[in-house]
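Subject: Structure handover

Hello,

Here is the structure I promised you. Please open it alongside this message; my notes follow below.

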Amino acid sequence: MKKLFLVLGFGLFTAFSSFGQNITIDFDSAPQGNAGVIDGVNFAGWFISNTAAGGYGNNKTSQPNTALSPFEATPLSFTRVDDPFRLVSIQLGAGWNCGMTLRMEGFVQGGKVFEEDVMVDGTAPATDWQPNWAAVDEVVVTRTVNGNLCVGGGAGAHYLMDDMVIGPPGEIKKPLSGGTSVPTMTQWGLFLFGLIVLTMGVVYIYNLSISTAKVEE
């Protein structure tokens with residue numbers, strides 16, 4: 001019985017816990033074209049490209065790809081499939097303009113928990129944005145200021161990102177809107193794991209008391 005509880009507890013903990021360390025999403029192994037799920041993160045709406053023209057090459061921090069906003073699309077978002085994550089850092093840039101402002105918003109279960117404006121340029125180097133947001137399940141990127149053309153070879157208010165670092169989530173913040181935070185899958189998993197360990201302890205003590213009673217008889 002004890003072994004069964006241990007197996008079930010470990011299985012649930014593994015299923016609901018997030019990855020154990022930071023990972024870097026560099027977009028370099030993704031195929032060219034519309035982005036999808038990469039390393040457990042859904043980048044639907046973004047475009048993967050290896051172009052080196054203008055700011056795409058100037059702000060590229062790993063070869064050969066970056067993720068960019070196609071056709072000046074904004075806002076764009078990305079989400080972690082099934083679970084929140086810590087957003088450690090992203091290398092951000094613009095395709096052709098300087099003085100562009102991106103509004104970065106972090107959400108948990110639909111409630112906004114973080115917001116920050118970041119300025120990016122089409123010139124090197126990329127903006128090394130390090131929010132270290134403890135736990136989000138969606139990040140929305142909105143261009144709020146277009147900026148002005150500053151590099152040759154093209155035009156348009158496109159933005160890009162490269163070498164995103166994410167990690168296991170920390171404490172879930174209360175939404176900025178004042179709403180109530182909803183437990184995440186990781187939190188539910190840890191809660192269930194705790195209940196299983198508690199149940200296992202109760203069963204062990206009960207069995208021990210029964211065995212002791214029989215010996216005394």
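Phe-27 is buried, because its relative accessibility is 1% and the cut-off for buried is under 20%. Keep in mind that this is a predicted model. Phe-43 is buried too, with a relative accessible area of 0%.

These two residues belong together. The count of aromatic pairs comes to 7. In one of them, the ring centres of Phe-27 and Phe-43 lie 5.2 Å apart. Their planes meet at 75 degrees, so the pair is edge-to-face; the cut-off for that class is over 60 degrees.

Where do Phe-27 and Phe-43 lie in the chain? Phe-27 sits in the loop between β1 (23-25) and β2 (33-34). Phe-43 sits in the loop between β4 (41-42) and β5 (47-49). The pair therefore ties together parts that are 16 residues apart in sequence. Ring pairs also bring in Phe-78 and Phe-85, giving a cluster of Phe-27, Phe-43, Phe-78 and Phe-85.

Now the sheet. It is open and has 6 strands, in the order β3-β4-β7-β14-β10-β11. The pairing is antiparallel. Which strands form the edges? They are β3 (37-38) and β11, each of which pairs on one side only.

Start from the β3 end of that order. There, β4 pairs with β7 (residues 76-80) over 2 bridges, in the antiparallel sense. Asn-42 stands opposite Thr-79 in β7.

Then look at β10, which spans residues 100-108. Is this strand largely enclosed or open? Of its 9 residues, 8 are buried, so the rest of the structure largely encloses it.

β10 has a partner on either side in the strand order. With β14 (residues 138-145) it shares 7 bridges, and the two run antiparallel. Thr-101 stands opposite Val-145 in β14. With β11 (residues 111-120) β10 shares 9 bridges, again antiparallel. Here Leu-102 has Val-118 of β11 as its bridge partner.

β10 and β11 also form a hairpin, with 2 residues between them. Gln-109 lies in that turn and has a positive phi of about 50 degrees.

One general point may help as you turn the model. In a regular strand, side chains alternate between the two faces of the sheet.

To view the main items in turn, begin with the edge-to-face pair of Phe-27 and Phe-43. Go on to the largely enclosed strand β10. Finish at the hairpin turn with Gln-109.

Best wishes

Definitions and conventions: Residues numbered from 1 in each chain as written. Predicted model: local features only at pLDDT ≥ 70, side-chain atom pairs only at ≥ 80, totals over all residues. Heavy atoms only, no water. Buried < 20%, exposed > 50% of the residue type's maximum accessible area, 1.4 Å probe, protein only. Helix = DSSP H or I, 4+ residues; strand = E, 2+ residues; numbered from the N terminus. Pairing = 2+ DSSP bridges. Phe/Tyr/Trp six-rings, centres within 6.5 Å; stacked < 30°, edge-to-face > 60°.
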